[in-house]
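Colleague: I would like to go through how the parts of this model pack together. Could you take me through it?

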Amino acid sequence: MADLKELYQEQILDHSKNPRNFRKLEPADRTALGRNPLCGDQFTVYLRMEGDRIAEIGFEGQGCAISKSSASMMTVAVKGKTEDEAERLFDRFHDLVTGKEADPESLGKLAVFRGVSEFPIRVKCASLSWHTLKAALEAKGSVSME
């Protein structure tokens, strides 16, 4: 089990230090700003849609290793997905970080965040970018994790 935890830590640190899709996407069809005022994490998610499919996604902002790596891995996971597929993945990820997901391994690399459920204060860190994605998909513009 220690080897698995080390692998998970390595993946989180890698995505935090070398975030994928960390850029302002111009032009973007949909954009949302997400904030966690309790810790100062803040991200903007940019989407370029082709019909109901996420053709391109990018994000900018700042946050802890958990929030930044979650945003990075989210962009990789949802790129190319339809809005419905991204919404379902949001629900499953949220269940994962809140300890409700029955089959974490079916989420692939996102399963690295399963331990977050043991630290309730970190749930908002891991889910901030996901809530911001959802706000962008719903054209809400912003979300606050108060």
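**Helix packing and the sheet**

Modeller: In this predicted model, helix 3 and helix 4 cross in the left-handed sense.

Colleague: Are helix 3 and helix 4 roughly parallel or roughly antiparallel to each other?

Modeller: Helix 3 (residues 83-97) packs against helix 4 with the axes 10 Å apart, at an angle of about 160°. Angles over 145 degrees count as roughly antiparallel. The two helices, helix 3 and helix 4, are therefore roughly antiparallel.

Colleague: Which class has nine residues in the contact of helix 3 with helix 4?

Modeller: Helix 3 contributes residues including L89, F90 and F93, and helix 4 contributes residues including V123, W130 and L137. By class, three residues of this contact are charged and three are polar, while nine are nonpolar.

Colleague: Which strands stand at the edges of the sheet, and why is one side of each left without a neighbour?

Modeller: The sheet is open, with mixed pairing, and its four strands run in the order 3-2-1-4. Each edge strand has a single partner strand, so one side is left without a neighbour in the sheet; these are strand 3 (53-62) and strand 4 (142-144).

Colleague: What is the bridge partner of Q42 in strand 3?

Modeller: Strand 2 (residues 41-50) pairs with strand 3 in the antiparallel sense, over nine bridges. In strand 3, the partner of Q42 is Q62.

Colleague: What angle does the direction of helix 4 make with that of strand 1?

Modeller: Helix 4 (residues 120-137) packs on the sheet and touches strand 1 (30-36), strand 2, strand 3 and strand 4. With the direction of strand 1, the direction of helix 4 makes about 150°.

Terms used: Residues are numbered from 1 along each chain as its sequence is written. This is a predicted model: local features need pLDDT of at least 70, side-chain atom pairs count only at pLDDT 80 or more; totals for chains, interfaces and linings use all residues. Side-chain values use heavy atoms; hydrogens and water are left out. Two strands pair if DSSP finds at least two bridges between them. Contact means heavy atoms within 4.5 Å. Axes are lines fitted to C-alpha atoms, for helices over the stretch in contact, and angles run from 0 to 180 degrees between N-to-C directions. Angles under 35 degrees count as roughly parallel, over 145 as roughly antiparallel, 65 to 115 as roughly perpendicular and the rest as oblique. A crossing is left-handed if the near helix is turned anticlockwise from the far one by less than a right angle, and right-handed if clockwise. Ala, Val, Leu, Ile, Met, Phe, Trp, Tyr, Cys and Pro count as nonpolar, Asp, Glu, Lys and Arg as charged, and the others, Gly among them, as polar.
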